[in-house]
Amino acid sequence: MKKTTPNVLILGGGVAGMAAARTLAGQDVVVHLVEKEISLGGHAAKWSCMATDTCENCGACLSIEAADQAQHQKNLKLHLNTRVQGIEKKDPGYEVVLENKESFTVQKIIMATGFSPFDPQKSPSLHYRHCPGVITTAELNTLLREESLSSLLKGKSDPKIAFIQCVGSRNREQGRDYCSQVCCKISMRHAHKLTHLYPEAQITLFYMDLQLIGKEIRTFYNGLSKTISLVQGIPAEILEHPETHKPTIVTEDKATQSRLAQSFDLIVLSVGLQPSDTLEKTAKILDLTPNSWGFFNTDTALVPQDVILAGCAAGPKDILSSQQEGRIAAQKVMADLSLNTGAKLPVAVFGEGLEADQAALALASKGYPAYLFGKGETLSESSPVTLLKDSRLISVGGTAGRFSLYYESAGQTRQLECAAIVAAADPLQSLTTLKGPTHKVFSLDKFEQIIEKTPDTCPENAVILLDYSGPEHKAPARLALNIALKARAAGKTITLIMNQMLVHGALGQRLYDEARRQGIDFFRYETQDDLQIEDSGTGFRIKLKEATLPSIFLNLSCDALVLPRALAPARGFADLAGLLRQPLDKQGFLQSANTRHRPTRSLRRGIFFAGTCHDDTDPDDLVHELDEIASFLSTPDLTASDPGVEINQKKCAQCLTCIRICPHGAIVMNDKSRPQIVPESCFSCHLCVSNCPAYAIESRTMANEQVAGLIQKDRVTVFACERSAALAAGKLALPDHVRLIPIPCACRISTDILLKALLNGASKVIVSACHPENCRSHEGDKMAGDSVQRVLALPGVARSRVLWEPVAANETRKFEHLLSTAIE
């Protein structure tokens, strides 16, 4: 019997839909992607790059690259500029009819229809569209992308700009009592970008609670708070100044406790995310029942078995999380259709605590032979995980699909072969030391145990103190709310003191509101100096300068003080990073913040991260991370490919430079003690080609002579990274005297190539790379920049002849201006 190839429908060509399609590449399945717009990318493709001196990790540029990849995916059929007209349930599958009258049958549907931004006209007091100078974050993005903001600011070098958060989010009256998850980080990045474009600008950000959640966000916040004004409290109304016609808001001056009118040149409304404007029709066609918000992120939403949700169609989330959900959705499709049924390869998990146990158990339950280097204290004796307890890891060799782990156990050195590695080590957790009776200070988890197991011994009056050691992480912040509600239900008096309240997740805001309804008191402070905690003999006395009540001190007393454990990088993180040959982030946690590899991947194929060792995660996030890791383990990411480079062993001097510099760990010593490139681990960046002293590493498509042959006399030569600048230039009609040469990574550019370009008559040479900290090969941009500087240091080379300039895939206007300046 002839095998029938299954068909899958993906509704929506944004980041989630494209990620799902990409995950299905190489599978024996036909993917139909339907997108109502004329191009792929969704909202992310319309957003501006937020990079300043370095990449700021927004991920918007990734949508441009994903759209380009989709155009070349063999098993993907794109249906652009059309919509689904009807879907009829068949046995099995669905008959799909598009508005352009095309029809086909599918077995599974991934709904990735995205979101629509909230329309501020629904909040009349903000006078959007009526008061000049009031725009949305989406409109600011367009102005930044098109480099046209200056005209709106009338050329001012010192504009006054305000951001107003939570427009269309966290609003019970409008039926939007949820946090949109992304708005705070978007506005913070915008503000940071503006401080670089307009160093003399006065920027104020009005917020309800800054949601400081995510990798390196605390470091970013600490820097930003020194350059802009952060004001807790949302202005109720925007007015037009009768004389200047500038947008004006009335706030409270904390110093004088008087009302103060402030006029701005620009007010930016940070609009929330709401369901896609096509949702109602799509839900009817697919027989879906969304929740009261129009999303599918709570138990009240109903979804048929053959429909899988991904991205913002399910609920608000950022770009990286949307990509992650797209991959997970595709993985579920593969499982349901029994695709990729080959043998599951062994995986090693590193970590001593609960998260490592959960990671190993989850992977084992998915059929992967799992080996845990840890204590495994929460694993049962019947667990399918192989526990390598009391083993000391010595070294990690090999590459994806064939890692060799050497470890010491019972005094002997042993070896384990595995296909992949998951780092899930525990961070350092410590309880802040306070003056007073130490037996009256409880950690959150200990207090929870008391409430659940021995409620009679629970203190009658407790204060939960958040943010004392810095901005709280999401897991302890949510645990604090849950514990407070449990204690209140047991009849206890609970007070919660915080700097910010995190309301992440689908029900975070409703949980916060419920706590208030149950009589839990919430007080705010700005710094540790606003709190004085003293021993009362039977508990604590707290003198609090309440942030919303200027110049007023509150005197509180309690029987017990409850604190979350502060999270910090563990001492072993640096050692583990060294074994894995991976960088740490700016805070010292595992995994760099580079969006090209996050949420869970690394510079080296086959090495992954999960849990709080690398990001601000909670238990739900850990589940998603492990599902995503499983999607990578079962897709072509670990299969061999042709890197286009090879080592000429006759030329090789065995200096091992290539092994030392490869950021992907793709070059190893073979059985003959010679360096060898491993195809399934190589990213084809060509860094080894550029840096081999003996010219022994050869490229079939980007050899020095081949690149030199592309140089044309008296023309401006642009070497453009194929993932950034080359994509930015894609839609431009380049002048005749400009020769653009796409390169696999900027690190391919060496002093040799630059000199050959000049000797061959190039009028000017531009190397355009990814922004720093955004290069897929870690520091390829820096390598290229160093090559440029070495050439410029040579006698007779004018600085105007050779330029280095980073350009992201979504910076077409910047690239255009770069060319104009170079030509002039």
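What follows walks through a few regions of a predicted model, going from a parallel sheet to the nonpolar cores, a buried tyrosine, a strand pairing and one helix.

Take the sheet first. It is open and built from four strands, ordered β42-β41-β43-β44, with parallel pairing. The edges are held by β42 (738-743) and β44 (802-804); each has a single partner strand, so one side of each is left without a neighbour in the sheet. On average, neighbouring strands here are turned by 15 degrees against each other, direction ignored. In the middle of the order, β41 (residues 716-721) and β43 (residues 764-768) run parallel and are joined by five bridges, with V718 standing opposite I766 of β43. Two helices sit against these strands. Helix α19 (residues 751-759) lies across β41, β43 and β44 and runs at about 150 degrees to β43. Helix α20 (residues 780-792) also packs on the sheet, where it touches β43 and β44, and its direction makes about 155 degrees with that of β44.

Next come the cores. The largest nonpolar core has 28 residues, and those touching the most other members are F447, I464, I494, L496, M501 and F522. At least two residues each come from α10 (444-453), β28 (461-465), α11 (474-489), β29 (493-498), α12 (508-517) and β34 (560-563). The biggest giver is α11, with six residues. As for F447, its contacts beyond four places in sequence are F442, C458, P459, A462, I483, A487, I494 and V562. Another core lies apart from this one; it has 27 residues, including I135, L144, L153 and Y207. In soluble globular proteins, nonpolar side chains tend to be buried together.

A buried residue can also sit in a loop. Y178 is found in the loop between β10 (160-167) and α5 (183-197), yet its relative accessible area is 2%, under the 20% cut-off, so Y178 counts as buried. Setting aside residues up to four places away in sequence, Y178 touches S169, R170, L273, Q274, W293, F295, P316, A506 and Q509. With L273 there is a polar link too: a polar atom of the Y178 side chain lies 2.7 Å from the backbone oxygen of L273. Y178 and A477 are 299 residues apart in sequence, but their C-alpha atoms are 16 Å apart in space.

Strand β32 (residues 540-545) has two distinct faces. F540, I542 and L544 point to one of them and are buried, whereas R541, K543 and K545 point to the other and are not. That fits the usual rule, since in a regular strand the side chains alternate between the two faces of the sheet. On one hand, β32 pairs with β31 (residues 531-535) in the antiparallel sense over five bridges, L531 being the bridge partner of L544. These two strands form a hairpin with four residues between them, and G537 in the turn has a positive phi of about 95 degrees. On the other hand, β32 pairs with β33 (residues 553-558), again antiparallel, over six bridges; here K543 stands opposite N555.

Finally, helix α9 (residues 354-365) passes a simple length check. At 1.5 Å a residue, its twelve residues should span 16 Å, and the end C-alpha atoms are 16 Å apart, which agrees. Its buried residues are E355, A356, D357, A359, A360, L363 and A364, and they pack against β19 (347-350), β20 (370-373), β25 (420-423) and α14 (619-633). After α9 comes G367, with a positive phi near 100 degrees.

Definitions and conventions:
Residues are numbered from 1 along each chain as its sequence is written. This is a predicted model: local features need pLDDT of at least 70, side-chain atom pairs count only at pLDDT 80 or more; totals for chains, interfaces and linings use all residues. Side-chain values use heavy atoms; hydrogens and water are left out. Two strands pair if DSSP finds at least two bridges between them. Axes are lines fitted to C-alpha atoms, for helices over the stretch in contact, and angles run from 0 to 180 degrees between N-to-C directions. Contact means heavy atoms within 4.5 Å. A nonpolar core is a set of buried Ala, Val, Leu, Ile, Met, Phe, Trp, Tyr and Cys residues joined through side-chain atoms within 4.5 Å. Buried means under 20% relative accessible area, exposed over 50%, partly exposed in between (1.4 Å probe, protein chains only). A polar contact is a pair of N or O atoms within 3.5 Å; within protein, one must be able to donate a hydrogen and the other to accept it, and residues adjacent in sequence count only if both atoms are side-chain atoms. The expected span of a helix is 1.5 Å times one less than its number of residues.
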